[in-house]
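Here are my comments on the model you sent. They are numbered so that you can reply point by point.

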Amino acid sequence: MRSSSDFSWWPSWRPTSMSLLKAAESKILARIQNNLWARFVKLPNQDRIWTLTLTNKTVHKPAEEPPKTPLVMVHGFGGGVGLWVRNLDGLSRSRPVHAFDLLGFGRSSRPHFPSDAAKAEEQFVDSIERWRQSVGLESMILLGHSLGGYLATSYAIQYPSRVSHLILVDPWGFPERPKAENQESQGTEAVKTFRPPRWVKVIAGIVSFFNPLAVIRAAGPWGPGLVNRFRPDFRRKFEDLFDDDTMTQYIYHCNAQTPSGEVGFRAMSESLGWAKRPMLQRVHLLPPSMPVTMLYGAVSWVDSSSGDKAAEIRGKAHTRVMLIDDASHHVYADQPETFNKVVENICNSVD
């Protein structure tokens, strides 16, 4: 029987560590101009959530002016707070902005997640609520991208009094999976239901057997090269900020660590494109008084018709669906100025 010492070489197989992730993130956050407070927020169960809080260093509001509702930003699958680098300064001009690494992702704690979809989702949502309590927020404008949008919606359903406005950016997990994989006989209306890019198809090919990003870890020293090969768009999206592979290195180090949130995501998904518990089946549980804005990239692989369906389900409740031209799935990075302006206008409508 092999002892654990026989595998002491294994960590060196993957050229990553939390220290390297911290270094990559620090290089990204050095671009931030406003006041930045970065720290771990400890939850009652001892899990830690890596958190950024930004405030405008140049604006000093009168003491009698009531504080504005903070904006809380939740990243998507495989991401982290560093991906908001184009947005944090602009959005924190008039109100506090909080961004955190989801439990199991980035620099946050990486606990065990159950294999049951509902229980995994609840663990994510519970960590967001405990984070809110620990930070001391009474209410927030809650923004979620992709998986973050799915979890933000679930949170808003369970804790509606804490959400002043729900902003969903290219949210994952809303539509039901079509009964038939071959949709050609269903007419042209279904054509854009799910057309993932090449890198999604590659990952989807292995997801039923392994955790979604297992290939990055299994590739060992070739892992960073795989990220560069399959996600060159991340370098292009930020090339005016970094003329090297800073962003792809950040993505690699976020996902080459011990999988945790990734396990939770796998539990909630049938494949990368579909949720076991589609959110359109529950969106009616959002209170009619809660305004919802859904932002989609006009050229994203996520189908914006789910937003239209959500608006139809919610009836007379405020639900706005917007397309951002020339933006793909990562709307906030593809068209940051437009994205920031739209989100700022939404925030100003709150207070």
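1. Start with Phe339. Setting aside residues within four places in sequence, Phe339 is in contact with Trp84, Asn87, Leu91, Leu143, Val169, Leu295, Val331 and Tyr332. Please keep in mind throughout that this is a predicted model.

2. Where does Phe339 sit in the wider packing? Phe339 is among the residues with the most contacts inside the largest nonpolar core. That core has 47 residues. Leu71, Met73, Leu88, Leu143, Tyr250 and Val343 are listed there alongside Phe339. Another core, of 45 residues, lies apart from it. Val125, Trp131, Val163 and Trp301 are among the members of that other core. In soluble globular proteins, nonpolar side chains tend to be buried together.

3. Confidence comes next. Mean pLDDT for the chain is 86. Of the residues, 81% reach 70 or more. Two stretches need care. Over residues 1-11, pLDDT stays under 50, and the model has 1 contact beyond four places in sequence for them. Over residues 181-193, pLDDT also stays under 50, but here the model has 11 such contacts. I would like both stretches flagged in any figure.

4. Now the overall make-up. The chain has 351 residues, and buried residues make up 54% of them. Its secondary structure comes to 14 helices and 10 strands. Take the contacts with a separation of 6 or more: 75% of them are between residues 24 or more positions apart.

5. Strand β2 deserves a paragraph. It spans residues 48-55, and 6 of its 8 residues are buried. What does β2 pair with? Strand β1, residues 35-42, runs antiparallel to β2 and is joined to it by 8 bridges. Within that pairing, Ala38 has Leu52 as its bridge partner, and Phe40 has Trp50. Strand β4, residues 97-100, is also antiparallel to β2, with 4 bridges between them. Thr51 stands opposite Phe100 of β4.

6. Check the turn of the β1 and β2 hairpin. There are 5 residues between the strands. Gln46 takes a positive phi there, near 80°.

7. Helix packing: look at α2 (residues 18-29) against α10 (residues 246-255). Their axes come within 9 Å and cross at roughly 145°. The crossing is left-handed. From α2, the contact is made by Leu20, Leu21, Ala24, Glu25, Lys27 and Ile28. From α10, the residues are Thr246, Met247, Tyr250, His253 and Cys254. Tyr250 appears again here, having been named for its contacts in the largest nonpolar core.

8. Helix α11, residues 261-268, is mostly covered. Of its 8 residues, 6 are buried. Those are Gly261, Glu262, Gly264, Phe265, Ala267 and Met268.

9. Last, a loop residue. Val302 is found between β9 (292-297) and α12 (305-314). Is Val302 buried or exposed? The relative accessible area of Val302 is 10%, and the cut-off for buried is under 20%, so Val302 counts as buried. Gly273 is 29 residues from Val302 in sequence, yet their C-alpha atoms are 8.7 Å apart in space.

Notes. Residues numbered from 1 in each chain as written. Heavy atoms only, no water. Core = buried A, V, L, I, M, F, W, Y, C linked by side-chain atoms within 4.5 Å. Buried < 20%, exposed > 50% of the residue type's maximum accessible area, 1.4 Å probe, protein only. Contact = heavy atoms within 4.5 Å. pLDDT = per-residue confidence, 0-100. Helix = DSSP H or I, 4+ residues; strand = E, 2+ residues; numbered from the N terminus. Pairing = 2+ DSSP bridges. Axes fitted to C-alpha atoms, helices over the stretch in contact; angles between N-to-C directions. Left-handed = near helix turned anticlockwise from the far one by under 90°.
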